[in-house]
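Dear colleague,

Here is the structure I promised to pass on, together with some notes on what turned up when I went through it. Please open it alongside this message and follow the residue numbers as you read.

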Amino acid sequence: MSAKRINSSAVASGSKKPCLQYAFRCPNPDCSKSFKALNGLHIHFSKSRTCAAVKLSKTPRRAKNVLPSPPVDNEEALTEFPWDDEASVEESDEASVVGSEDESTGGASNNNAGVYRESANEAALRFGIRFTTTQFHETKLLKILSDANAPHYLYKDIMEWGRAARHANYNFAPRRSSRNAQMKYLEKWLNCQGSRPEQIPTTLPGRVPQVVETTCFHFITQLATLVQDRVLFGNIDNLDVNADNPFGKYISPTGLLSTINSGQWYNTAYHHEVTDPSKDFVMPIIMACDETYLRKGGKASSWPLVFTTSILNQKMRNLPIAWRTLGYINDLSLIQSSAEAKVQSKELKAERLHSIFKTILASLIEAQQAGVLDDIPLVLGHQTKRVNIKVPVSFIIGDMQGGDKICCTSCSYSNKLSRLCRKCNVRGDQSGDPLVQCKKMSMVKIMQLVREDQQETLDQFNQYNVHNAWFDVSYGGCRFGIFSAACPIEPLHSIENGIIPDCLTILFKDEMSSSQKPQLDSIVRRLSLLPRQRFASSGAETSMPRLLWKDGVTSLTDLSAKLKVGIMFTIVVVSLQEEGSNFLTSVLGTPQRVNEMRQVFQMLLSYWVWLKRDTYWERGKKAPREAARQAIRVMLRELMRLWPRERGQGWEKAKIHEQLHVPDDIERNGAPQGSHTGPTEHNHIRLVKRPAKGTQQRAEVLDKQLGQRVSDAYIVDMAYQRMTTNYDPSLMPVVSSSMETCTGLSSQGAKGWLFVETNDNLPATFQFDLRNTKPDYFSTEMVQFLVEHYATLPPHNTLPIGPGNRYCHRRLFLSTEYKRDGVIFRGHANYRHTGPWYDWVMLRWSSDNHQQHASDASCHVAYGDDETIALQHLYAPGQILGFVRPTPVDWTFDNEIPVMGDVMAVVSTCDYSHSRESVFSTKWKQAYIYHAGNRKTPNIQLVEPDAIVRHCLMVPDEETHSSYNEIWCQELWGNEFNDCT
């Protein structure tokens, strides 16, 4: 084996192979690095201080550049934003870049000897990147948002604000930069200096009295900021007042119980408060009191007391801007240990809580005194009048526990209690009896018992011997007072988070084994594999509970109330299918028990919808009110009989008995939607949780800081609204395409051209115009039907030219969407690349030669259509596959004026015959066309869009889709419970 010859140069250099030498070498003798470009050498200097120092020591004194620098705008100074452009001088050598203008002109010499300066171009290339002004400012804004952990939607808002400010010639030089200075300026400008919260000392009773600082707003100033909001009170459509006489006594336009002011309480309060109808004006106050946690799973919480007025309609009261804060209930755990709290009696705890309530309610009670709000200018819509404002409290929105604390009753719900319900005298062991007769609690009598210190009598009614702070509030002459006003019964807590979860728990935990739950989830998940339709959604459709669940339904933890309703609805739908019915029979034992479960669940869902009605019976009519109560009794009796509960106390629960008070609450306060806790709990986001992010979130100062942040938000909103109230979006022109205006075809739907070709003795063929059409957006069944249908019709007078410049028999314009009165009907084979979407609709058919198919009135097939028209037609549902318009007009541009024409819906239809399947479902059969060889295909027809009555929800009964269950429109469910007539 021969040895390799050693390279002497390699030994001398200490490397395995010689380094290649490039044009730009490092001047440091101890560094042998060289680079192909000057940029690489500059990067080397930025990383090696030693080499950079050598470079500086060898750099001679230099004068200014011979080449004059281009003028630079202040916003784009090279020293601040170094970038390169095509007009810059090419750098090939250091000496070529530097001139000696001062030396040649005799100017002063540069005294910065030994200092290395790099040009703007060098600075831009130092890290090997180049960027533009646009890149820099967009990246800087992204960094600002990222550092502040702000949501990205603010990026667009800030850009739009900057563009608008620049267009308005704003100089971007604010006179006030601090938040406090800006808020004080707006306060003075709006004349609302008194809207800030105060820290008022509250003395808490106990063995050793304690004093806490309670954060309170003054009621009158808060009310003033509310009624002066022109966005709310400047539009008469936002108010529940008479259009012709807004300052007079409210009269319901329909004569039925609907709004709060249509109820019996308003009528009583008006007669109690008004002595001079020409001057006195009743402005009912609605309060909400509910504790909320600042973040999910966190310990920090806030307990605000907020208010609004029933002069605002329900739509406005659902908005956070319609509410004002009156105060915050102190967190007493900050001044007492858990051990101290345990030894306190329930009465002492209630007394300490109501001491805080007394402090917060003081300004409200003061405002309710005679003459305090007299001669106040009030603007309603475009009318202004000086009135004497009366502010009685109508009711307090909250949950059951909050209502019991306000009423000074026990928050325990044992069936052994001598009084279980704050509204009446029912015992705990009577709460499971739907036929029990109870009596309402009178605030006047309870106040007398407290004044006389009747401890034994109060104990018999589970009432604390405490002077309730709410006793001093005026309720407009209602003798039941706080016991009727505190937290009316509403669907969220009593039904959605009450009875419905209890029923589902019986199914999932008592009846169903752990091995059966995956089977149910699998059956439910198959509903997501069906073609989408409008009423089958994952929760986005407000007109129907959720039906599609990719993650199953057998887990009830961490779910919102509306999702629990959706799970019950899904169980009902699954039980109507063949596979689901067989599975539930294996779980419950017999088909009869499945039917009983379905009946109970449908009754609860019908009752839930009934509670969401807009109108009920005429005020003062006893018969319909008692009929509603009887319907509730029947529902509760059937619930206990058909779906017994063995857990805990069974059905002896306060939420069961509370349902018997619902008709009385409707008579008193109008529709339950007016006292629904859902909107107020959602408003916690704007009124509590979002402002709390601007605080230190320390429990000791949370209420104080939160009050300041909420006040800031009120001031900013008021200032902005006052500046922008002249803007009326209703005056903006509505721009729609000529196609949508003339034909109804939605401009947002997919469209395309289909060319039908015929040939003698050969089947018809078709071609798409692939330049303007995506064939996978259109149903194969629809295309095949259209080809066969139009191939049998005469050709156009002028044969259209199709792809390849060939003459075709027919040219059809296809679309996947049709729009009528803002409602979209869709038939799309691959909607947004997520699969097919085929809406089901109820169709109006001519009754000629089909008189034997009379409609079953109990199935409500003609719901949504005019009654006189319904008598002359038959009805059957159909599945929309798409829309077609046979026309020679070429839709090249949207601004063309098209020919009004014959848009037709392509639908797969059902037979006329039908039967009622359950409480709110109807069974239909798919219509077929029979061919030779015992072959059948779905009956597809062309239908005029005017024959479409409404959307409907159709669920296949079995895998072959030969029969369907129509789930009625949600509005019809409530009528099945009680029609209020």
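The notes below take up one helix, then a helix pair, then the nonpolar cores, and finally a loop residue.

Please keep in mind throughout that this is a predicted model.

I began with helix α27, which spans residues 662-669 and is largely enclosed by the rest of the structure, because eight of its eight residues are buried, that is, under 20% relative accessible area. The buried residues include charged ones as well as nonpolar ones: V662, P663, D664, D665, I666, E667, R668 and N669 make up the list. Among the elements that cover these buried residues of α27 are α12 (264-273), β13 (393-397) and α19 (482-485), together with α24 (591-610) and α25 (622-642). Just after α27 comes G670, which has a positive phi, near 85°.

Two of the covering helices also pack against one another. The axes of α24 and α25 lie 10 Å apart, and the helices pack at an angle of about 150°, which makes α24 roughly antiparallel to α25, since angles over 145 degrees count as such. Their crossing is left-handed. On the α24 side the contact is made by E596, Q599, V600, M603, L604, Y607 and W610, while α25 contributes A628, I632, M635, E638, L639 and L642. Sorted by character, the residues of this contact comprise 10 nonpolar, one polar and two charged.

Turning to the interior, the largest nonpolar core has 88 residues, and those with the most contacts inside it are M287, L361, W470 and I482. Helix α15, residues 346-367, gives the most to this core, with eight residues. What does M287 touch, if its neighbours within four places in sequence are left aside? M287 is then in contact with L305, V306, F307, W323, L326 and L364, and also with V393, F395, I396, I397 and W470. Apart from this core lies another, of 78 residues, which has I500, L547, M597 and A631 among its members.

The last item concerns L319, which sits in the loop between α13 (314-317) and β10 (324-328). With a relative accessible area of 34%, L319 is partly exposed. In sequence L319 and P679 are 360 residues apart, yet in space they are 7.7 Å apart, taken C-alpha to C-alpha.

With best wishes

Note on methods: Residues are numbered from 1 along each chain as its sequence is written. This is a predicted model: local features need pLDDT of at least 70, side-chain atom pairs count only at pLDDT 80 or more; totals for chains, interfaces and linings use all residues. Side-chain values use heavy atoms; hydrogens and water are left out. Buried means under 20% relative accessible area, exposed over 50%, partly exposed in between (1.4 Å probe, protein chains only). Helices (H or I, at least four residues) and strands (E, at least two) are DSSP runs, numbered from the N terminus. Contact means heavy atoms within 4.5 Å. Axes are lines fitted to C-alpha atoms, for helices over the stretch in contact, and angles run from 0 to 180 degrees between N-to-C directions. Angles under 35 degrees count as roughly parallel, over 145 as roughly antiparallel, 65 to 115 as roughly perpendicular and the rest as oblique. A crossing is left-handed if the near helix is turned anticlockwise from the far one by less than a right angle, and right-handed if clockwise. A nonpolar core is a set of buried Ala, Val, Leu, Ile, Met, Phe, Trp, Tyr and Cys residues joined through side-chain atoms within 4.5 Å.
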